[in-house]
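Work through the exercises below with the sequence and the model open. Each task is followed by a solution in steps.

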Amino acid sequence: AFYYTEPSRTFSEFLLVPNLTTKDCNPSNVSLKTPIVKFKKGEQPAFSLNIPFSSAVMQAVSDDRMAVALARSGGISFIFGSQSVESQAEMVRKAKSYKAGFVVSRSNLTPSHTLKDILELKERTGHSTVAITDDGTPKGKLVGIVTGRDYRLSRDPLHKQVSDFMTPFSKLIYGKAGLSLSEANNLIWDHKLNCLPVVDEQQKLEYLVFRKDYDEHKENPYELLDANKSYIVGAGINTKDYEERVPALVAAGADVLVIDSSDGFSEWQKETIQYVKSNFNVKIGAGNIVDREGFLYLVEAGADFIKVGIGGGSICITREQKGIGRGQASSLIEVAAARDEYFQETGIYIPICSDGGIVHDYHITLSLAMGADFVMMGRYFARFDESPTRKLKIGNNFVKEFWGEGSNRARNWQRYDTGGKQGLVFEEGVDSYVPYAGGLQENLDKTLHKIKSTMCNCGSTTISELQKNARITLVSATSIVEGGAHDVILKENSISGE
Ligand code: MZP
């Protein structure tokens, strides 16, 4: 046997050491934009994310609702594949039918319409943003906007209800209409506002559009209002029924596929990638692998991105059941080095996704610093309203259900298949609860803010700078104790983590 000289390590064994933080390195200047599919040096990737987050290919996590909510925030969901081809394709179709912007003519509305009517219209059309203009064209004057987050802004109090619902922010903007663009910038690039100025020829502020994904469009705000773009939607596939599943998912509009498997270093995956590449123009990720050999094998097979991680998932018992796996940090560090070497040699950049085992928000920052381009999380997203599972009250606490794909409940045997007898013979995952945490957006905002401020501590305003500049230290068992609150008597309700 071959023996590794180093133990395999995981995130909690490392800390980031701060670098110089320059004055312009502040959270509002941090960009988390990241590639998710391979690209050649000097070219742009076909797909990138505004935040480096993907939700796990799991029944308890990623359905069409989660896909829309996360895409709206700049990430991507991979809709679970452990369901019939028809129902998965239908979820993809539904998620793709949501549009990033939509204009409603005011002439469709009368003063008797209420805010409820507008919200119903938004619901009915399935559009995430309904912009109401006075003449119904994107260039018309905006008189109201209803977005996914239900911010409302109206310069012309079309309805009393609209003005009643206006947030303190929009009241502030109301009072200040007529600002110059630079003045407006000072006001609106406030992280919390997250909105876009639309100015007239004299650069006077015309109105503000509240959008989550304004970054993509800030060059051309007018375009943003008939943009009518659908969100990027991903879907999981397996190495068994791909000849049936992939055509249906592609027809439904899936942009990115991923082969969902607990062990991706296999000829099954190579065959699947080659089938997809020779029959469809769709991106495909592969995995999971935990070392250089696995990475290179799948890259040579044609994968567009690689997923890293075996046995670290919160609901995973693969390491206990089969004794295979590797600490997530060690896996990531080795695969990132192989990816960088491959890029040096070929000029082709292969994004890598760190999948599983993220417990604290800082683990996400560490993953990025260790070379991940994005992360995949199950437990994190399962806690939110948008996950597909039931919310229950146990004792005094609300929880959400969360089960592994290798559990008896999911019976996703294709994910664990190594050929031979087909079906789930033994479990590799558990059925569990996670603490209910509320809505996705509010939690995501907090996590993103933590990541951005940590990046500033490390002197980096982009993920690639973080990967280059980060200084990471191993911690001793004793210094881990030092890292939490210690030697004090905690008051009730003290918050120790997220
Ligand atoms: P986590 O974010 O909950 O720690 O991990 C989620 C990841 O665990 C998934 O993306 C997937 O790779 C993995 N997973 C899903 N089901 C199982 C299982 O039943 C599992 N063993 O390991």
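**Exercise 1.** Determine in which sense β20 and β21 pair, and over how many bridges.

Solution. The model is a predicted one. Step one: β20 and strand β21 (residues 397–403) are joined by four bridges, and the pairing is antiparallel. Step two: for a residue pair, take Lys393, whose bridge partner in β21 is Phe398. Step three: place the pair in its sheet, which is open and has three strands in the order β20-β21-β22, with antiparallel pairing. β20 (391–394) and β22 (431–435) are the edge strands, each pairing on one side only. On average, neighbouring strands of this sheet are turned by 45° against each other, direction ignored.

**Exercise 2.** Find which strands β6 is joined to by bridges, and how the chain gets from β5 to β6.

Solution. Step one: strand β5 (residues 53–55) runs parallel to β6, and two bridges join them. Ser54 is opposite Ile76 of β6. Step two: between β5 and β6 the chain passes through helix α1 (residues 64–72), giving a right-handed β-α-β crossover. Step three: β6 is also joined by two bridges to strand β13 (residues 234–237), again in parallel. Here Phe78 has Gly234 of β13 as its bridge partner.

**Exercise 3.** Sort the residues of strand β6 (residues 76–79) by the way they point, and state whether they are buried or exposed.

Solution. Step one: in a regular strand, side chains alternate between the two faces of the sheet. Step two: in β6, Ile76 and Phe78 point one way, while Ser77 and Ile79 point the other way. Step three: all of these residues are buried, the cut-off being 20 or more other C-beta atoms within 10 Å of the residue's own.

Definitions and conventions: Residues numbered from 1 in each chain as written. Predicted model: local features only at pLDDT ≥ 70, side-chain atom pairs only at ≥ 80, totals over all residues. Buried ≥ 20, exposed ≤ 12 C-beta atoms within 10 Å, placed from the backbone. Pairing = 2+ DSSP bridges. Right-handed = clockwise from strand over helix to strand, strands pointing away. Axes fitted to C-alpha atoms, helices over the stretch in contact; angles between N-to-C directions.
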